[in-house]
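Biologist: Could you take me through some side-chain contacts, and tell me how each one earns its label?

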Amino acid sequence: MIDLERRSIVYLPGVGPKKAELLEKEIGVRSYADLLSFYPYKYIDRSRFYKISEIEGNMPYIQLKGRFQYFETVGEGRSKRLIGKFTDGTGVIDLVWFKGGNYILEKYKPGADFIVFGKPVAFGRVYNIPHPDIDPMSSIEQVASGLTPYYSTTEKMKKAFLNSRAIQNLVYTILNSLTDELADSLPEYLLKRVGMVSFKEAMYQIHFPDSTEKLRNAQTRLKFEELFYIQLNMLQTAGQRKLRIKGLVFSHVGSYFNTFYSDYLPFELTGAQKRVVREIRTDMGSGRQMNRLLQGDVGSGKTLVALLSMLLALDNGYQACMMAPTEILATQHFATVAGFLKDMDVKVALLTGSTRKKERERLLAQIAEGEIQILIGTHALIEDTVVFSSLGLAIIDEQHRFGVEQRSRLWKKNKQIPHVLVMTATPIPRTLAMTLYGDLDVSVIDELPPGRKPIKTVHRYDTNKKQLYDFLRKEIELGRQVYVVFPLIEGSEKLDYKDLEEGYEVFKDVFPEFTVSMVHGRMKAADKEAEMKRFISGEAHILLATTVIEVGVNVPNASVMVIESAERFGLSQLHQLRGRVGRGAEQSYCVLVSSYKLSNDTRKRLEIMVNSNDGFEIAEADLRLRGHGDLEGTRQSGEGIDLKIADLAADGQLLQYARDMAQMILAEDPDLTEERNLVLNQKLKKLFSNKINWGMIS
Ligand code: ADP
Ligand code: MG
């Protein structure tokens, strides 16, 4: 029997070393199994044939039946192309190739019947079809329902004749050569219980659907399996971890916490903050190791919750640390925490990549001796040189930027795994949270501190800047400050910096009476800090920045956020940016400036921003608009969620179902050792063997 995962596609008839290399490079397909799970991204109904005489402007992909009259080569150099005159008796249309001419001439002889599939393009009143798919008439039987699958391919692949049709043929070859290899990866009793088709059936139907209904059943089955195994893995390891890892017991609420709470807390906690602090207290006192995700919209006051939690660790004789994704943020957290604690006897320190060598050595020694009680910093915290004397609580801010791997490195910072609190200001839709962080307990701050007025958001076109400048002037004269953010997109940084720098000149010009400062990622840390400080202190009225100010920065007096080229930002990023204002008591504004030409999706994005201030609502909309693969944060997390077929935006119910089933199975057989669950056990090991084993870390 062939091991589908091990069997290289080099051995597949029609592949060979060159194509194999291309398949691996371009679409990551290496083994038979990879190819079988390289699912079509769309299906097109090819049951209807069009007549050439019916062709008109703006048609989708269509299908023609007919024969070639003759071929000719026209044009010179780059516009050189091969044209095939194709007719079905109702008219003649040009089929055009800019590449691969010889191959075409050899393969498609005039006179024989072919099926042509492609998108007609108008040249004046004449139509042609560039690079169509062509099949001999006889091949139509292969796809009985007329539902033709489409596989994504790249330009390089197409040049090597690995187009969608070629991929389907390869899949066909594999499926035809297999017998017992398509064993089911879900146990029979489970399949029965959920009423889904077998793996084998699903494989055939997903690649060669007999009908729309059968295709849907196949998709459901494969989606279910994908989601089910993620949940099974997560729930099983979380369960094992709870059993195996003893948590540090913070039984004591002592003078650090109490003194701060009664003497130095500058305001009353919101109801939500109180509830969350209680949840954390209970968790850390329970004897279990805490792994908690704290979600709270921007400005909801997570930092204070973090601080109170750290004081609890101190009360129980432990150190605490807090890690932030950027230097600016870490610095700001440090300033906030040190500020809150300035009249208490607590030693707080900051460690980042730019901490000087001498200072660093001193800090490292103090951390190791336990002299430093609260350590705040960037990734620098997880370096091996940082050794705590007794770390009891690790807090990670803006969680989605750190991956599981980094989280786990923090865990190892103490002999006994510390409690872990991860905080995120990007509300995560429920389905995504279940998939990415289904192993964490979740707390939510769903209430903003009192006195905040909802931010007014408007959308303006960049053709009317004068109106915008007048508005800004009025606000600044009222004593407020203004952020102006420019996009920074990977790959076009040069242009972006040019935009920012030009903007800087314009603003200095338009507002000679005000002070304008500017920060961006390319500045030296010291300059950046100086510019930031000018704004934080109120000396600068306007701060121009790239997205470096995206997360966490807190200047309550800033009440206007202008986002330039707003069409280039994602929804959650826009929401994050907007969250930089609305922190004081005055009315705040967010102005989304875009060009006039917008795609439908972009227009929708901006509309959602104008209509909603609710981070969860926005996150859901983002998931729907962009799909989970693109969601900010999931990419950066470094682990991502590699879903081949399930769609978190659309398959929420199926996900819940998969989780319920996983829970049910684990409740009866936590270690999956029963005979009937052996399949699950083996598949889990195979799927997740290269991932960190949570349960074993201590
Ligand atoms: P985020 O959740 O975005 O990290 P922060 O912790 O930065 O929010 O808090 C935003 C602002 O709200 C800060 O200026 C903070 O001091 C203030 N704040 C936090 N909690 C309260 C509260 N209960 N009452 C009033 N202001 C608060
Ligand atoms: Mg914050």
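Modeller: Sure, bearing in mind that this is a predicted model. Let's begin with K65, whose charged end sits over the ring of F49, 4.5 Å from its centre.

Biologist: What makes R281 count as sitting over the ring of F257?

Modeller: The charged end of R281 is 5.8 Å from the centre of the F257 ring. The distance cut-off is 6 Å, and the charge also has to lie within 35 degrees of the ring normal. R281 is listed as sitting over the F257 ring, so both conditions are met.

Biologist: Why is the contact between K85 and D94 called a salt bridge?

Modeller: Their side chains come to 2.8 Å, N to O. The rule asks for a Lys or Arg side-chain nitrogen within 4 Å of an Asp or Glu carboxyl oxygen, so the pair qualifies.

Biologist: How do you know whether K85 and D94 are buried or exposed?

Modeller: Buried means under 20% relative accessible area. K85 has 17%, so it is buried, and D94 has 16%, so D94 is buried too.

Biologist: What makes D446 and R275 a salt bridge?

Modeller: The closest N and O atoms are 3.9 Å apart, and the limit is 4 Å, so the pair counts. This one links distant parts of the chain: D446 is in the loop between β16 and β17, R275 is in helix α10, and they are 171 residues apart.

Biologist: Why is D446 called exposed, and R275 partly exposed?

Modeller: Exposed starts over 50%, and partly exposed runs between 20% and that value. D446 has 58% relative accessibility, so it is exposed; R275 has 29%, so R275 is partly exposed.

Biologist: And what makes D283 and R288 a salt bridge?

Modeller: Their closest N and O atoms are 3.1 Å apart, and the cut-off is 4 Å, so they pass. D283 is at 5% relative accessibility, so it counts as buried, whereas R288, at 29%, is partly exposed.

Biologist: Which residues are joined into one network by salt bridges that share partners?

Modeller: R275, E279, D283, R288, R292, D441 and D446. Across the model, the rule gives 30 salt bridges.

Biologist: How many aromatic pairs are there, and which residues form one aromatic cluster?

Modeller: There are 24 aromatic pairs. One cluster is formed by F68, F71, F86, W97, Y108 and F114.

Biologist: Last one: which residues of helix α7 are buried, and what covers them?

Modeller: F199, A202, M203, Q205, I206 and H207 are the buried ones. Their cover includes α2, β1, β9, α5 and α8.

Key. Residues are numbered from 1 along each chain as its sequence is written. Chains are lettered from A and ligands numbered from 1 in the order in which they are written. This is a predicted model: local features need pLDDT of at least 70, side-chain atom pairs count only at pLDDT 80 or more; totals for chains, interfaces and linings use all residues. Side-chain values use heavy atoms; hydrogens and water are left out. Buried means under 20% relative accessible area, exposed over 50%, partly exposed in between (1.4 Å probe, protein chains only). Helices (H or I, at least four residues) and strands (E, at least two) are DSSP runs, numbered from the N terminus. Contact means heavy atoms within 4.5 Å. Rings of Phe, Tyr and Trp (its six-membered ring) pair if their centres lie within 6.5 Å; planes under 30 degrees apart count as stacked, over 60 as edge-to-face and the rest as tilted.
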